[in-house]
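The following exercises concern strand pairing, burial and a chain interface. Each task is followed by a solution in steps.

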4 protein chains.
Amino acid sequence: MAGSMNKVIIIGRVGQDPKVSYTTSGQAVANFSVATDEGYRDRQTGQKVERTEWHRVVAWRQQAEFVANYIGKGRLVLVEGKLQTRKWQGQDGQDRYTTEIVADNIQGLDRMPDGQQPAQQGGYQQQGGGYQQNRPQQNRPPQNNNGYQQNNNGYPEDEDLGPAFPSEASGMDDVPF
Amino acid sequence: MAGSMNKVIIIGRVGQDPKVSYTTSGQAVANFSVATDEGYRDRQTGQKVERTEWHRVVAWRQQAEFVANYIGKGRLVLVEGKLQTRKWQGQDGQDRYTTEIVADNIQGLDRMPDGQQPAQQGGYQQQGGGYQQNRPQQNRPPQNNNGYQQNNNGYPEDEDLGPAFPSEASGMDDVPF
Amino acid sequence: MAGSMNKVIIIGRVGQDPKVSYTTSGQAVANFSVATDEGYRDRQTGQKVERTEWHRVVAWRQQAEFVANYIGKGRLVLVEGKLQTRKWQGQDGQDRYTTEIVADNIQGLDRMPDGQQPAQQGGYQQQGGGYQQNRPQQNRPPQNNNGYQQNNNGYPEDEDLGPAFPSEASGMDDVPF
Amino acid sequence: MAGSMNKVIIIGRVGQDPKVSYTTSGQAVANFSVATDEGYRDRQTGQKVERTEWHRVVAWRQQAEFVANYIGKGRLVLVEGKLQTRKWQGQDGQDRYTTEIVADNIQGLDRMPDGQQPAQQGGYQQQGGGYQQNRPQQNRPPQNNNGYQQNNNGYPEDEDLGPAFPSEASGMDDVPF
DNA sequence: TTTT
DNA sequence: TTTT
């Protein structure tokens, strides 16, 4: 713990609307991808090339709820966090590894598009209502999280038990995003 | 390229002596893993837990040669770079993805262990000799790099052609490190 | 040089249009300030407080020309660089110190306001013309830089000789921005 | 607060033993300087030059106590934090400005020198004893902090009232370190 | 696979 | 004022 640092800072565009779900213990989790671009000059041709790198981001609890309410496809975001590689089982039973940025600081850097304002959506600041989601793919209440495929999601028990993404798990074994 | 940042900074211990090889075009590449530690308090038990995260690092050219000469197993290092996910084929023919830190700044933060000084090893600063390797696992001269399994290594053509690690490639389909 | 890092990353709003000038050796230098905001909760009152921090940024050469063409008052910018404290003489003859971020990466994060497009301004990409400035406060051609008050600007000789800001120097002894 | 980042990461050597004191409200504050080195090639002579940059660091509360117990002159440290410029009055009554790194993460990167181990010193982990200091220059109990020169220290009220460094204050008006 |  |  001393003599140790694990820090990532990326700025880029969100690829798709984040997917938000809940662990069995009721913790919110948000997953999304961010594209960063890099321009460089090809050593053979001397041509300018643009290269896009995709990053998987995972956010927990308050950060996840912020993501659910304010971050959508196409937004320019700042993500600060740490790298974490988790292990999961492919359909063929073999181990796979996915590296993600576990975010501890997420900010939108551009104006929120119209129709995405928290007031219209019902944000998590609303009083008396608890947290309310309204984009379809986020609508997974904790009680629906019945726990099949437990411990197949790659998230360590200590991070928060329960299957994070039952439905994605099966579709994730070949494509990381 | 504008409105974009892709930055990683880690400090940790090197797990094994780096593996250094050459692309067919003669570029040096070094690969090694770095462990970062994180202490946190378990939410259920309230116990202090130590968690180790492993990071794959790849260094090119000058950085690779620095690594070959100065970085060995157990050293405390600073690595600054960018995230890059590359695609490769498992033995079953399926796509796999590995995320690495492509380093642009590597520094040793502790004293070099005895028997690892560049003077004893023949460093790359030596005059008249060019670059000389001497640890067994690094001893892969460019001319031996005959190019089978080309484009199976996951490194983009533009980064520098040629198979980076023919021998590791086959052993890599299940374990990322 | 080994075991050393000096890194700053800020994101914030530019306070005033950058001031661009030239050293006697013809190097472009840009100076501007960036505001970062921080929200925190007051420990006494429990109230939310917003606090603004101002940062001085200096950019050299290509970075300075980029700043001259694309960065103006009010823009949201990313600045990556290193900290540098320089010494200068106040009017009372006493030493003063100013800490700046010497930028090696500057990016605009929002859309450029209309009337600030490089095409209308004549950007530094223009062909056949070399570098051309057009905002009044930037218009200080190298040949006007006649060198009085040399070595009073606080910039080290090695960074590039010559007085960076003869005119500001005298006004700077009490206020850093 | 959104669209804002203020982040500094430095690695370097501590110049002198930190100075630790207490605000009138009993909060610990530690101050020390860190040297970072930078090697570069002089553009005129082509010679390699080493340049040292000094950074002022301030740490509060738990971080300050960690500093008091573990960080001494000559140690290699990692400091992560934010930039803050504070205003203070010189003896001539004029405003001066000092930029510091307000640390939120401090780590020692080398082995602690003998005679500096916390066990010999009595660390702040000791039970039943509260925090105990033992290096002379740190020995400034809160009750001695009688508050003269209040609001002359440049620390904002909200950070924690009271004179941070009564004794240094008078010596600080011309030299920042 | 490192280290404290 | 540090250190290699």
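Which residue of β3(D) is the bridge partner of D:Arg13? The solution begins with the conventions. This is a predicted model, in which local features need pLDDT of at least 70, side-chain atom pairs count only at pLDDT 80 or more, and totals for chains, interfaces and linings use all residues. Residues are numbered from 1 along each chain as its sequence is written, chains are lettered from A and ligands numbered from 1 in the order in which they are written, and side-chain values use heavy atoms, with hydrogens and water left out.

**Exercise 1: the partners of β3(D)**

Step 1. Strands (E, at least two residues) and helices (H or I, at least four) are DSSP runs, numbered from the N terminus; two strands pair if DSSP finds at least two bridges between them.

Step 2. Strand β1 (residues 5-14) of chain D runs antiparallel to β3(D), with two bridges. The partner of D:Arg13 in β3(D) is D:Ala35.

Step 3. Four bridges pair β2 (residues 19-22) of chain D with β3(D), again in the antiparallel sense; in one of them D:Tyr22 meets D:Ala28. The two strands form a hairpin with five residues between them, and D:Gly26 in the turn has a positive phi of about 90°.

Step 4. β3(D) and β4 (residues 48-60) of chain D run antiparallel, joined by 13 bridges, with D:Val34 opposite D:His55. Six residues lie between the strands of this hairpin, where D:Gly46 takes a positive phi near 75°.

**Exercise 2: burial**

Determine how many residues of strand β3 (residues 28-41) of chain D are buried.

Step 1. Buried means under 20% relative accessible area, exposed over 50%, and partly exposed in between (1.4 Å probe, protein chains only).

Step 2. Ten of the 14 residues of β3(D) are buried, so the strand is largely enclosed by the rest of the structure.

Step 3. Helix α1 (residues 61-70) of chain C is mostly covered, with seven of its ten residues buried; among them are C:Arg61, C:Glu65 and C:Tyr70.

**Exercise 3: chains A and B**

Describe the contact of chain A with chain B.

Step 1. With contact taken as heavy atoms within 4.5 Å, chain A contributes 43 residues and chain B 45 residues.

Step 2. The rule finds two salt bridges across this interface, each a side-chain nitrogen of Lys or Arg within 4 Å of a carboxyl oxygen of Asp or Glu. A:Glu38 forms a salt bridge with B:Lys82, the closest N and O atoms being 2.4 Å apart.

Step 3. Seven bridges join β1(A) to β1 (residues 5-14) of chain B, and these strands run antiparallel. A:Met5 has B:Ile11 as its bridge partner in β1(B).
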